[in-house]
Amino acid sequence: MSDQPAKKPETTTPPTGAKSMDAIMALCKRRGFIFQASDIYGGINGFWDYGPLGAQMKKNLREAWWRDMILNPCWGRKGPNGERVRCVPVETRIIQHPKVWEASGHVGGFNDPMVDDKETKQRFRADHLYKVVFFPRTEDMAQVDRTAALLLDVQMTIVASTVGDAIAQLSVEPARSQWRRITRGFAPVSWIITNDQAEAPCDGTDSHRIQSIAIYRVDYTQPANAIDRLPSPFTGKKGSLTPPRQFNLMFKTIVGATGTEDDAAYLRPETAQGIFVQFKNVVDTTRVKIPFGIGNTGTSFRNEVTPRNFTFRSREFEQAELEFFCHPDESPAWYAFWRDFRMEWWKSIGLAGDNLILREHDKDELSHYSVGTSDVEYRFPFTAPGFGELEGIAHRGNYDLTQHQEHSKVKLEYFDQERGDLLPNGSRRGERYLPHCIEPAAGLDRGVLALLCEAYTLDPSRPSPELLKLHPRIAPIKAAVFPLVNKDGMPEVAEKVYDDLFAAFGRDGFIETDAKQSIGKRYARMDEAGCPFCLTIDGETLTNQTVTLRDRDTGTQERVALDQVVGVLRQRLGL
Ligand code: GAP
C-alpha cells in the first residue's frame, strides 16, 4: 500500500472556549460511535468505521433524509408551483461505465493542486496553504528600527483548511515554537489573529511587542506568492516546496479477470451521476412529471490528498443527493425553495444554533453553468471561528444532461405535455426541453459529525460531566429502563416496560435496560450515549403504578403512569 497507515487519529487543539475535538473523538471511541478502520492494524488514513451506536445514529440520519426528501418531501409542503413536491428514489452502482466520468468532467478535471516538501517528503494541498504574517507595534519607532523591522518581512506557513483551522494549528506545537523562534526577542508576545489586514488592538502593554498576526490563504497562482519564496510549513526553510501539481481524486480499479488498463474503471466520486444517467429510464418507466426529483444515498470515494479532521474529509464517505428536475423558467424559484428547505431541515434535527449558516457563493465562485450555489455550513470545533461545508445546494442548469446526451448520443430531452401553445381541442401542443436541475447534495458522515459536535456538552455540575444532547429523532438509543434495585419485584416491572417500549420503538433505535451499578452511574452512561429518556422503576411504582421519567438535557424527573409511558414517549420522541 502506498499510503501511510494512520497511527493515531489526527487532532488539533481548538481555540479557547470551543469544544474539544480530542474529547469528542475520545467519547466517540469509548462509546462505540466511530472507530478507525482497520484499527488493530494501526488504521488506514482517511477511512473510518462506525461502531454500534454510530451505525444506528447514521442510519437514523439516512432514514430521516429518506423520509423528508423521498417519501414525504419537504414535510408535505407545496413547492413554488403550488403543488406537492414529488420525488422518487433510485439505487445506482459505485462502478459505472468509465465514459460517465469523462462526460461529467471528473476524469479530466477532478483535481486538487498538491505540493510536496522536498526535504521531509510531506504532501499537502496547495489551496490549503496559509501564510502567517507578524506585524510589530509601530509607536515605538526606535524599537521597530532596531529589531521589529526584521519582522515586517517575516512569514511562516501552515497547512489548514480554513482560517479557524489555521488558528487552531497555530496554537499547537511545533507551530508555537516556530513562531516563538520567529518572534525571538519579543516574547512574551501578546498576539491577536486577524484574517485580513485590519490590525486588531493589542491587549499587551509593551509597545515593542507584536501588534497582530494576520492569516492569509496563499493564492499560489499569483507570481508574488511564488511557492519558492514561501517557507516550508514543516521546516521553515524557503525553496523546499515543489510547485503545485494536479492530483486526480478518482480511485481507479480494474473490472474483470484480465487485469489490463483496458478494463480500468473508477469508484464513483459522487452519487449524482448515477441519477443523471438513469434520468431517461425513470421518466420512461414511471409516471413522474416535471417538476420532480430523483434521490439516493450511497458511498462515494475520493482519493483526498490530505484526509483530515476525523471523518470530515475521508476517502470513503456517504452522500445523500437529490437531483430535482424542472423547467428552466422555474429553476430560480426551485433553487431558492430547496436552499431554504435544506437549511430548515438541518435545524429540525438538532443544528439549530449559531453554529449553522447558509452561505451563498459569490458570483466568481460559481461554475460557468450555475445560476446559484449555497452551502449549508457548520462551525466544527476544528474550523471555528470559521465554518465547514455540510451540504451544497447547486443550481446545475442542464449541464449534466447535456454532457451525457452528447457523450452517449442518447436523447435525454423531456417532452412536457402541459406546456406549449393551447390547441383548439383545449390541450397543449407540448414542449421538448432539457430540464434544469437543482441539486441538494449532503454528506451523511459530515452530518453525523456535525450532530455529534453540536450535541457534545460539558456540564461540570453533573456527576459525570460529558453528555450528548442528540435530537430524539437521531439518537441511537431511544430510551432506557432501569429497576432501581434488582429485587422487590422491580426487575419484573422493568421487563414489562422494556417489552412495551421495544414493541413501540424498537424499529427506530435501541431500547436499553440495565440493573447493575448505582442509578446515577446508569444515568451518566445513558447521557454520554445521547439517550434522551430514562425510566426508573422504584418502590413507588409497586404501590401507585407510576415510574420516573428522566429528561437527559435537564436531568429533571417526573412521574408517569405505567399505562401512559408509551404514549408520553411517543409524543416526546416525535415518533
Ligand atoms: N454531486 C455534488 C457533490 O458531490 P460535493 O460538495 O463535492 O458535491 C457533497 O459533495 C457533500 O458530500 C459535501 O457537502 C460533504 O458533506 C460530502 N463530502 C464531500 N467530500 C467529502 C469527503 N472527502 N469526506 C466526507 N464528506 C465529503
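Two strands pair if DSSP finds at least two bridges between them. The model used in these exercises is predicted.

**Exercise 1. A three-stranded sheet**

Find the order of the strands in the open sheet that contains β4, and state which residue stands opposite Pro-113.

Solution.
- Step 1. Read the order. The three strands run β5-β4-β10, and their pairing is antiparallel.
- Step 2. Look at the edges. β5 (123-125) and β10 (245-248) each have a single partner strand, so one side of each has no neighbour in the sheet.
- Step 3. Take the twist. From one strand to the next, it averages 45 degrees.
- Step 4. Go to one pair. Strand β4 (residues 111-116) and β10 are joined by four bridges and run antiparallel.
- Step 5. Pick out the residue. Opposite Pro-113 stands Gln-246 in β10.

**Exercise 2. A five-stranded sheet**

Work out which strands form the edges of the open sheet that includes β23, and describe how β23 pairs with β24.

Solution.
- Step 1. The order is β24-β23-β25-β26-β27, with mixed pairing.
- Step 2. β24 (510-513) and β27 (557-561) are the edge strands; each pairs on one side only.
- Step 3. The average twist from one strand to the next is 25 degrees.
- Step 4. β23 (residues 477-483) pairs with β24 in the parallel sense, over four bridges.
- Step 5. Within this pair, Ile-477 has Phe-510 of β24 opposite.

**Exercise 3. The strand β16**

Decide how many residues of β16 are buried, then name its antiparallel partners.

Solution.
- Step 1. Set the cut-off: buried means under 20% relative accessible area.
- Step 2. Count. Six of the six residues of β16 are buried.
- Step 3. Sort by direction. Thr-373, Asp-375 and Glu-377 point one way, while Ser-374, Val-376 and Tyr-378 point the other way. Both groups are buried.
- Step 4. Take one partner. β15 (residues 356-360) runs antiparallel to β16 and is joined to it by five bridges. Here Leu-356 has Tyr-378 as its bridge partner.
- Step 5. Take another partner. β17 is joined to β16 by six bridges, again antiparallel. Here Tyr-378 has Gly-388 as its bridge partner.

**Exercise 4. Around the ligand**

Describe the shell around the ligand: its nearest residues, its classes and its polar contacts.

Solution.
- Step 1. The ligand has 20 residues around it. Those that come nearest are Glu-270, Glu-304, Ser-314, Glu-321 and Glu-389.
- Step 2. Sort the shell by class. Nine residues are charged, six are nonpolar and five are polar.
- Step 3. Find the strands. β14 (316-326), β17 (388-397) and β20 (436-443) each supply at least two residues of the shell.
- Step 4. Check the contacts. A backbone N or O atom of Phe-312 is 3.2 Å from a ligand nitrogen. A backbone N or O atom of Gly-443 is 3.2 Å from a ligand oxygen. Gln-319 uses a polar side-chain atom, 3.0 Å from a ligand oxygen.
- Step 5. Judge the cover. Alone, the ligand exposes 550 Å², and the protein buries 89% of that.

**Exercise 5. Gln-403**

Is Gln-403 buried or exposed? Then find what its side chain reaches.

Solution.
- Step 1. Locate Gln-403. It is in helix α11 (residues 399-408).
- Step 2. Apply the cut-off. The relative accessible area of Gln-403 is 17%, so Gln-403 is buried.
- Step 3. Follow the side chain. The side chain of Gln-403 reaches the backbone oxygen of Ala-103 at 2.8 Å.
- Step 4. Compare sequence and space. Gln-403 and Gly-105 are 298 residues apart along the chain, yet their C-alpha atoms are separated by 8.7 Å.

**Exercise 6. Exceptions in the backbone**

Locate two cis peptide bonds and two positive phi values.

Solution.
- Step 1. Know the rule. Most residues other than glycine have a negative phi, and most peptide bonds are trans.
- Step 2. Find the cis bonds. One joins Ile-290 and Pro-291, with omega about 5 degrees. Another joins Ala-384 and Pro-385, with omega about 5 degrees.
- Step 3. Place the prolines. Pro-291 is in the loop between α9 (279-285) and β13 (292-301). Pro-385 is in the loop between β16 (373-378) and β17.
- Step 4. Find the positive phi values. Cys-74 has phi near 55 degrees. Gln-517 has phi of about 70 degrees.
- Step 5. Place these residues. Cys-74 is in the loop between α2 (52-71) and β3 (87-89), and is buried at 0% relative accessibility. Gln-517 is in the loop between β24 and α14 (519-528).

Terms used
Residues are numbered from 1 along each chain as its sequence is written. This is a predicted model: local features need pLDDT of at least 70, side-chain atom pairs count only at pLDDT 80 or more; totals for chains, interfaces and linings use all residues. Side-chain values use heavy atoms; hydrogens and water are left out. A residue is near a molecule or strand if one of its heavy atoms lies within 4 Å of it. A polar contact is a pair of N or O atoms within 3.5 Å; within protein, one must be able to donate a hydrogen and the other to accept it, and residues adjacent in sequence count only if both atoms are side-chain atoms. Accessible areas come from the Shrake-Rupley method with a 1.4 Å probe; for residues, only the protein chains shown count as cover. Ala, Val, Leu, Ile, Met, Phe, Trp, Tyr, Cys and Pro count as nonpolar, Asp, Glu, Lys and Arg as charged, and the others, Gly among them, as polar. Buried means under 20% relative accessible area, exposed over 50%, partly exposed in between (1.4 Å probe, protein chains only). Axes are lines fitted to C-alpha atoms, for helices over the stretch in contact, and angles run from 0 to 180 degrees between N-to-C directions.
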